[in-house]
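Thanks for asking for a second pair of eyes on this one. Please have the model open while you read.

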Amino acid sequence: MLGRKPRSVANPLESAITTPSERILKECHSLYVDDENGLVKIASSLDVRLLPPRKKIIVMIMGNHSAGKSSFINWYVEEHIQKTGVAIETQGFTFITSGRKRESLTGNATLHLYPHFRPFLQFKGKI
């Protein structure tokens with residue numbers, strides 16, 4: 001064993017003790033707080049106040065018809081929560097959050113719990 005250089009570990013300790021979701025959140029947080037090119041600094045230069053995510057992030061998934069958006073969501077959350085299949089088309093917005101209770105909210109009830117989505121009201125259609 002003399003003369004051998006120690007191998008670097010393929011998976012550092014941090015990746016062994018954190019979940020993929022936690023690592024994604026940490027990476028997203030670093031995009032906000034980078035001192036040189038972070039989103040908070042860029043927003044500040046435009047006189048916009050932006051807070052970095054701490055415990056959760058909001059992601060919008062958009063794509064062509066039958067591109068696999070609902071299948072991706074079901075795979076990511078490891079549960080069948082979005083209908084999938086040929087000729088199944090989601091019309092509107094679906095907000096999926098983590099929590100212990102499963103419930104479906106529509107229209108104004110959703111906006112009451114998530115007031116930061118109120119700008120969506122300017123789009124034509126049903127609430």
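Here are my notes, point by point.

1. Ground rules. This is a predicted model, in which local features need pLDDT of at least 70, side-chain atom pairs count only at pLDDT 80 or more, and totals for chains, interfaces and linings use all residues. Residues are numbered from 1 along each chain as its sequence is written, and side-chain values use heavy atoms, with hydrogens and water left out.

2. Overall make-up. The protein chain has 5 helices and 0 strands, so to speak an α-α-α-α-α order from the N terminus on. Helices (H or I, at least four residues) and strands (E, at least two) are DSSP runs, numbered from the N terminus. Of the 127 residues in the protein chain, 10% count as buried. Buried stands for under 20% relative accessible area, exposed for over 50%, and partly exposed for what lies in between (1.4 Å probe, protein chains only).

3. The buried side of α4. Helix α4 spans residues 69-77, and Ser 70, Ile 73 and Asn 74 are buried there. These residues are on the same side of α4 because they cover an arc of only 95 degrees around the axis; the arc is taken from the directions from the helix axis to the C-beta atoms.

4. Asn 74 in detail. Asn 74, in helix α4, counts as buried because its relative accessibility is 11%. Its side chain reaches the backbone nitrogen of Ile 81 at 3.0 Å. For a polar contact, the criterion is a pair of N or O atoms within 3.5 Å; within protein, one must be able to donate a hydrogen and the other to accept it, and residues adjacent in sequence count only if both atoms are side-chain atoms.

5. Aromatic rings. How many aromatic pairs does the structure hold? There are 3 aromatic pairs. In one of them, the rings of Phe 72 and Trp 75 have centres 5.7 Å apart and planes at 40 degrees, so this pair is tilted. Rings of Phe, Tyr and Trp (its six-membered ring) pair if their centres lie within 6.5 Å; planes under 30 degrees apart count as stacked, over 60 as edge-to-face and the rest as tilted. Phe 72 and Trp 75 are separated by about one helical turn, because they are 3 residues apart in helix α4. Trp 75 also forms a tilted pair with Tyr 76, at 6.4 Å centre to centre and 55 degrees between the planes. Ring pairs thus link Phe 72, Trp 75 and Tyr 76 into a cluster. Trp 75 counts as exposed at 61% relative accessibility, while Phe 72 is partly exposed at 39%, and Tyr 76 is partly exposed at 39%.

6. A nonpolar surface patch. Ile 24, Ile 57, Val 59, Ile 61, Phe 72, Trp 75, Tyr 76, Val 77 and Ile 96 form a nonpolar patch on the surface, with about 820 Å² of accessible area together. Helix α4 gives the most to this patch, with 4 residues. Ile 57 lies in the loop between α3 (39-45) and α4 and is partly exposed at 32% relative accessibility.

7. Backbone angles to check. Glu 78, just after α4, takes a positive phi of about 55 degrees. Asp 47 has a positive phi of about 60 degrees although it is not a glycine; Asp 47 is in the loop between α3 and α4 and counts as exposed at 76% relative accessibility. Ser 66, not a glycine, has a positive phi of about 60 degrees. The place of Ser 66 is in the loop between α3 and α4, and Ser 66 counts as exposed at 56% relative accessibility.

Conventions
Patch = residues over 30% accessible without salt bridge, like charges linked within 9 Å, V, L, I, M, F, W, Y side chains within 5 Å. Areas by Shrake-Rupley, 256 points an atom, 1.4 Å probe, with all protein chains shown as cover. Salt bridge = Lys/Arg side-chain N within 4 Å of Asp/Glu carboxyl O.
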